[in-house]
Amino acid sequence: QVQLVESGGGLVQAGDSLRLSCAASGRTTYTYAMGWFRQAPGKEREFVAAINWNGGTPYCADSVKGRFTISRGTAKNSVSLQMNSLQSEDTANYYCTAALQISIVKVGTASNWGRGTQVTVSS
């Protein structure tokens, strides 16, 4: 029903910044809460950030709080993740997710997921 596509990943050095974006396509009759998860090789998927459909209640995980900022994009169902002061520990594949309820986004049980964008931080 809804397709999500991430962009903006790349290879950077420690201390650099990246801005990830995610846009929804297909049947987007409803407005969605959206968020980001990440998964590094050999590790479990980890929650990163979430935001409601109207830009309210932005929330970041403790591991990235103060460095990452989530915001709605200019498109109706889109989201951005500004990542500053990147560290080697941030290296992972970053996935975009969306659901009608932000609580579903936060726990990672939404049915809508992108294919991911790779972020690699060298030290």
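## Asn52 and the E5–E6 loop

In this predicted model, Asn52 is buried, with a relative accessible area of 19%. That value only just qualifies, because buried means under 20%. Asn52 sits in the loop between E5 and E6. Residues up to four places away in sequence aside, Asn52 touches Tyr32, Ala33, Thr57, Arg72 and Ile102.

One of these partners, Thr57, lies in the loop between E5 and E6 as well. Phi of Thr57 is near 45°. That is a positive value in a residue other than glycine.

## Cys60, outside any disulfide

Strand E6 covers residues 59–60 and holds Cys60. With neighbours within four places in sequence left aside, Cys60 is in contact with Val48, Ala49, Lys65, Phe68 and Ile70. Cys60 is buried, at a relative accessible area of 11%. Gln13 is 47 residues from Cys60 in sequence. In space, their C-alpha atoms are 22 Å apart.

## The disulfide

How many disulfides does a search of the whole structure find? The search finds one. The disulfide joins Cys22 to Cys96, with 2.1 Å from S to S. The angle about the S-S bond is -85°, and the link is left-handed.

This pair ties together distant parts of the chain. Cys22 belongs to strand E3 (residues 18–26), and Cys96 to strand E9 (residues 92–99). The two are 74 residues apart. Cys60 is in no disulfide. The nearest cysteine sulfur to Cys60 is that of Cys96, 14 Å away. A disulfide needs sulfur atoms within 2.5 Å, so Cys60 and Cys96 do not count as one.

Are the two linked cysteines buried or exposed? Cys22 is buried, with a relative accessible area of 2%. Cys96 is buried too, with a value of 0%.

## Fold and overall dimensions

The protein chain has one helix and eleven strands. From the N terminus on, the elements run β-β-β-β-β-β-β-β-β-α-β-β. The radius of gyration is 13 Å, close to the 14 Å that the globule rule gives for 123 residues, so the chain is as compact as a globular protein of that length.

Taken along the principal axes, the C-alpha atoms fill a box of roughly 45 × 25 × 25 Å. Buried residues make up 42% of the 123 residues. Among contacts with a separation of 6 or more, 58% come from residues 24 or more positions apart.

## A four-stranded open sheet

Which order do the strands of the open sheet of four take? The order is E1-E3-E8-E7, and the pairing is antiparallel. Strand E1 (2–7) and strand E7 (68–72) are the edges, each pairing on one side only. From one strand to the next, the twist averages 15°.

E1 and E3 pair in the antiparallel sense over six bridges. Val5 has Ala23 in E3 as its bridge partner. E3 is also the strand that holds Cys22 of the disulfide.

## Nonpolar cores

In soluble globular proteins, nonpolar side chains tend to be buried together. Here, the largest nonpolar core has 27 residues. Those with the most contacts inside this core are Trp36, Leu81, Met83 and Tyr94.

Eight elements are named as giving two or more residues to this core: E1, E3, strand E4 (33–39), strand E5 (46–51), E7, strand E8 (78–83), E9 and strand E11 (117–122). E9 supplies the largest share, four residues. Another core lies apart from this one. That core has nine residues, among them Ala33, Phe37, Phe47 and Ala110. Ala33 is also one of the residues that Asn52 touches.

## Ser85 in the E8–E9 loop

Ser85 lies in the loop between E8 and E9. Phi of Ser85 is near 50°, a positive value in a residue other than glycine. Ser85 is partly exposed, with a relative accessible area of 40%.

Key
Residues are numbered from 1 along each chain as its sequence is written. This is a predicted model: local features need pLDDT of at least 70, side-chain atom pairs count only at pLDDT 80 or more; totals for chains, interfaces and linings use all residues. Side-chain values use heavy atoms; hydrogens and water are left out. Buried means under 20% relative accessible area, exposed over 50%, partly exposed in between (1.4 Å probe, protein chains only). Two strands pair if DSSP finds at least two bridges between them. Axes are lines fitted to C-alpha atoms, for helices over the stretch in contact, and angles run from 0 to 180 degrees between N-to-C directions. A nonpolar core is a set of buried Ala, Val, Leu, Ile, Met, Phe, Trp, Tyr and Cys residues joined through side-chain atoms within 4.5 Å. The radius of gyration is taken over C-alpha atoms; the globule rule is 2.2 Å times the number of residues to the power 0.38. Contact means heavy atoms within 4.5 Å.
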